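Colleague: I have just opened this one and would like to go through it with you. Can we start with the words you will be using?

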Amino acid sequence: MNALAPVSQLGGVVLAVALAPLLAGWVAQCRAWLQSRSAPSLLLPYRTLRKLFRKDAALATQASPLFRATPYAVFGAMATAAAIIPSVTTDLPLARVADAIALVGLFATARMFIALAAMDIGTVFGSMGARREMMIGFLAEPALLMVLFNAFLMFGSTALPTIVKGTLDADGLTLHPSLAFAGVAFVMVLLAENARIPIDNPGTHLEVTMIHESMVLEYSARHLALIEWASWLKLFNYACIGFTLFVPWGIAPHTAGPSGLLLAIVWLLVKLAVAGAVLAVIETVSAKLRIFRAPEFLSMAFLLAVLGLLVHLLLQS
Amino acid sequence: MHGVSALTATTTLTALLGLVASWLLIGALGLVQSNRIGWVARTLFPLGALVALGVAGMGAVSLGTGFAAQTSVLAFGLPDMPFHVRLDALSGFFLLLLGTAGAGISIFAAGYFRHGEGTAPGLLCLQYHVFLASMALVVLADDAYLFMVAWETMALSSYFLVTTQHRIPEIQRAGFLYLLMAHVGALALLLCFGVLHGGSWLMTFDSMRAATLSPAWAAAAFLLALFGFGAKAGLVPLHVWLPEAHPAAPSPVSAMMSGLMLKVAVYGMLRISFDLLHAGPWWWGMLTLTVGLVTALFGAVFAAVQTDMKRLLAYSSIENIGLIFAALGLALLCYAFDMRLLAALALAAALLHALNHALFKSLLFLATGSVLHATRERSLGKLGGLIRRMPWVATLALVGTLSLAGLPPLNGFVSEWLLLQAFLSTPSIPHAFINMIVPLGAAVVALTAALAGYVMVKFYGVIFLGQPREPSLMQAHDAGWLERVGLAWLALGCILIGVFPQAALDAIAGVTQTLLGTVIQRGPAPWWIAPVAQAQASYNGLWLLLGMAGVIAMMFVLVRRMYHGRVRRVPPWNCGYPELTPRMQDTAEGFGQPIRHMFGPFFRIERELPAADDQFPHYRIQIDDHFWHGLYLPLARIVGWLADALSMLQRGRLAIYLMYSFLTLIVLLVFVL
């Protein structure tokens, strides 16, 4: 740990929180271009947040304290998750506090709270959304764990910085067949977990298709702002987990100085730009699945990740 | 800790026996004025809780460093077979578990039991404390004879507790099924001890430890133990009694059965497989692991489709017992390959999960008790919105719910984390086939854990959130203060173990030292665990909690300072319909539908669909267990058929019986002559 560690730790979280809306704006812009629409401003998400924070919160009469606490809990879980993902540097003091399994646990915490809050008001959409979200979640969560286990088996650690270091220290580019399986599985999980097409559509309010939106239908103003921000942060976190596992080049090592960190931030921005564009392409070329097909999609992701595990073990022995 | 253990080294066991005796005394005192609720509930049950705390304390003492096993021979028993008792780290850990959870349950029970619920309160008090005492004696027993006596006392006293409301036919049936399974299991255990003495005919555990069994006999003993303890713990396919008996019992009893009694079965399995049999070949572990994983997945899937809140929790207990046995199997497996450290990790996961489950499952069962008292409803379809009427119970139950779902920074997460870490280290097993198969177990564990989250959202959401589904729920009242104290005690345990996991692992270290001769690596602080190596994996419950709390507090202050905290109360959006009725919410059936859809082959589904021209269309669905129809009912039919065949002999006419005697005489004469 060098002297910059606390700075880079705190800076990493602030960077994630600050950049997450930008990533969301970039994906939306790319999607608009691909669909020949005139694109909204890159900064639209920030303006949305400001607008929402200023408004008075309209709260359902029967809303319980759980409903009001949930946006903060969800945001807290996502920001904590951002603290343990080595997006810029591997020199994270907090990464030893919680490893990849805890990361999945944090995502699960956020999901559970948001599903419970959705059921709190007792509306039709709320409980339907909660049910669908938990259905997606219980398949996506183990799939994500399996993807992470692939990396674990390779580097013998569930701590993400160690995994990054393992890849960076390897001489030259070695191809791991198991990571190919894990990579595909990961992209599938990312789509499902972040309410993206083909599982869900972040831009819709059509009742038969929506999942995430139907859960947060009762939220308004600052609560909604926090929820939206947290979901952008989730996308950002997922993208960074992907970089960590599959394209860790550019992440600053332990020994990096301030200039190395700046370079790593530039690298991160480049990777985010590419990943956002790829996400937009995937979303544009695929059609939304029927909700009943979602389990098949996710079981496929789960099986692919498990297959990756098997491939690794087979090749190793 | 060391000073305390030095001080009490010779007296811990004696003190424990005294505490057990005082449980029995408290129970007997219940009979003095068996109908005065003030005496029985408000005086005796809190006393029982104090005794439980003492038991937990003594258990904790025995886990201290340098504690040598204490043995003693009691002055009573059979003429030439006195009772032997022994306190070592393994017993100590389970006494700690028993006492900690038992204290919370007893305090809750002090506020819970009231008149007019079947058995008279005084008698209930006797059964309750005999149950507690017998569980403690099972754990303390050092010979097969005392073990079986205590084991059977435990089964019988819990049977009477299950059938507290013995006038309801459904409960009678549940009680009968429980008694039957308990005895089938006990029979297996009896045979198991019959094998274990190894021809010496000495029933003390010491002689069983020393006995050398041939591999075949050892395997027989192990299989019998797995069957016997599996029947008590609820391993598939011996689980059928559990979802019947748990809901039938009063809630504190359900909590004791699920939280404590199932753990006593885990204790028995550990005692016999590791201590008496010194573990065995790898297939023992593989078998236990497989059975455990199947049980875990089965329990989770079935829990998701339940519509009765206590049945849901009962199936969730099956799931958790599955996870515990899976960890136990992994420990056996690793031990067979002499990978002590890994075995210790798996065993620590099993024990910690047992402790955690005792806390959060008791908490949830007790919470359902409060709900049941407040609403008189057990069916999820008639509950809802109770967070507004019962804020205390709802808040404390939320802690249990989040723990059971395995979310950080609560205790359920820690044990699942340990279990996954143990699974992840298995590729180093020196066996080409097993090292590939076992990591797949991690996939099943992950799936089960995620399903538990689904189940818990359903449980909590349908009971406590949303709108009340029945008008009568508006009159629901919160639990009394004794009940709250009991719930809060258990919730506090869930939080403390989650935040200070190393403290719990320190308690377990004594057990792994005793059974496996090794301990997992200590974390750097009470709140920081790193069981294998810092570089491989570490988890820090306190910092994680503080980190999350810090972010949340900062966001709250920022939002409030930079903007405002203004709130308008408005009716929820009603989708353009005239009103939003509670009937529009998801039902328990609806919430389980995706699972029913996805795991169709798991269930035996009978459905009645309305026809197009029905006057009163109704939809009925009955979800059953394949094992019940495929295994138990045919078995019952065969037994019934055999009994019928035998009853042909019994004609009820004197002449025929005389003829039997005559024929027997003839046959005997033929032999003699």
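Modeller: Gladly: a residue is called buried under 20% relative accessible area, exposed over 50%, and partly exposed in between, using a 1.4 Å probe and protein chains only. This is a predicted model, in which local features need pLDDT of at least 70 and side-chain atom pairs count only at pLDDT 80 or more, while totals for chains, interfaces and linings use all residues. Residues are numbered from 1 along each chain as its sequence is written, chains are lettered from A and ligands numbered from 1 in the order in which they are written, and side-chain values use heavy atoms, with hydrogens and water left out.

Colleague: Okay, are A:Phe107 and A:Tyr238 buried or exposed?

Modeller: Both A:Phe107 and A:Tyr238 are buried.

Colleague: And how many aromatic pairs are there over all chains?

Modeller: The count is 44 over all chains, where rings of Phe, Tyr and Trp (its six-membered ring) pair if their centres lie within 6.5 Å, and planes under 30 degrees apart count as stacked, over 60 as edge-to-face and the rest as tilted. One of these pairs is A:Phe107 with A:Tyr238, which is stacked, with 5.0 Å centre to centre and 20° between the planes.

Colleague: Which parts of the chain does that pair link?

Modeller: A:Phe107 lies in helix α4 (residues 100–120) of chain A and A:Tyr238 in helix α9 (residues 221–246) of chain A, so the pair links distant parts of the chain, 131 residues apart; helices (H or I, at least four residues) and strands (E, at least two) are DSSP runs, numbered from the N terminus.

Colleague: How many helices and strands are in chain A, then?

Modeller: Chain A has 11 helices and 1 strand, and along the sequence they follow the pattern α-α-β-α-α-α-α-α-α-α-α-α. Of its 317 residues, 65% count as buried.

Colleague: Switching to chain B, what sits over the ring of B:Trp151?

Modeller: The charged end of B:Lys232 does, 5.5 Å from the ring centre; the rule asks for NZ of Lys or CZ of Arg within 6 Å of the ring centre and within 35 degrees of the ring normal.

Colleague: Which residues have the most contacts inside the largest nonpolar core?

Modeller: They are B:Phe147, B:Trp151 and B:Phe274, in a core of 363 residues, a core being a set of buried Ala, Val, Leu, Ile, Met, Phe, Trp, Tyr and Cys residues joined through side-chain atoms within 4.5 Å. Helix α14 (residues 340–375) of chain B gives the most to this core, with 24 residues.
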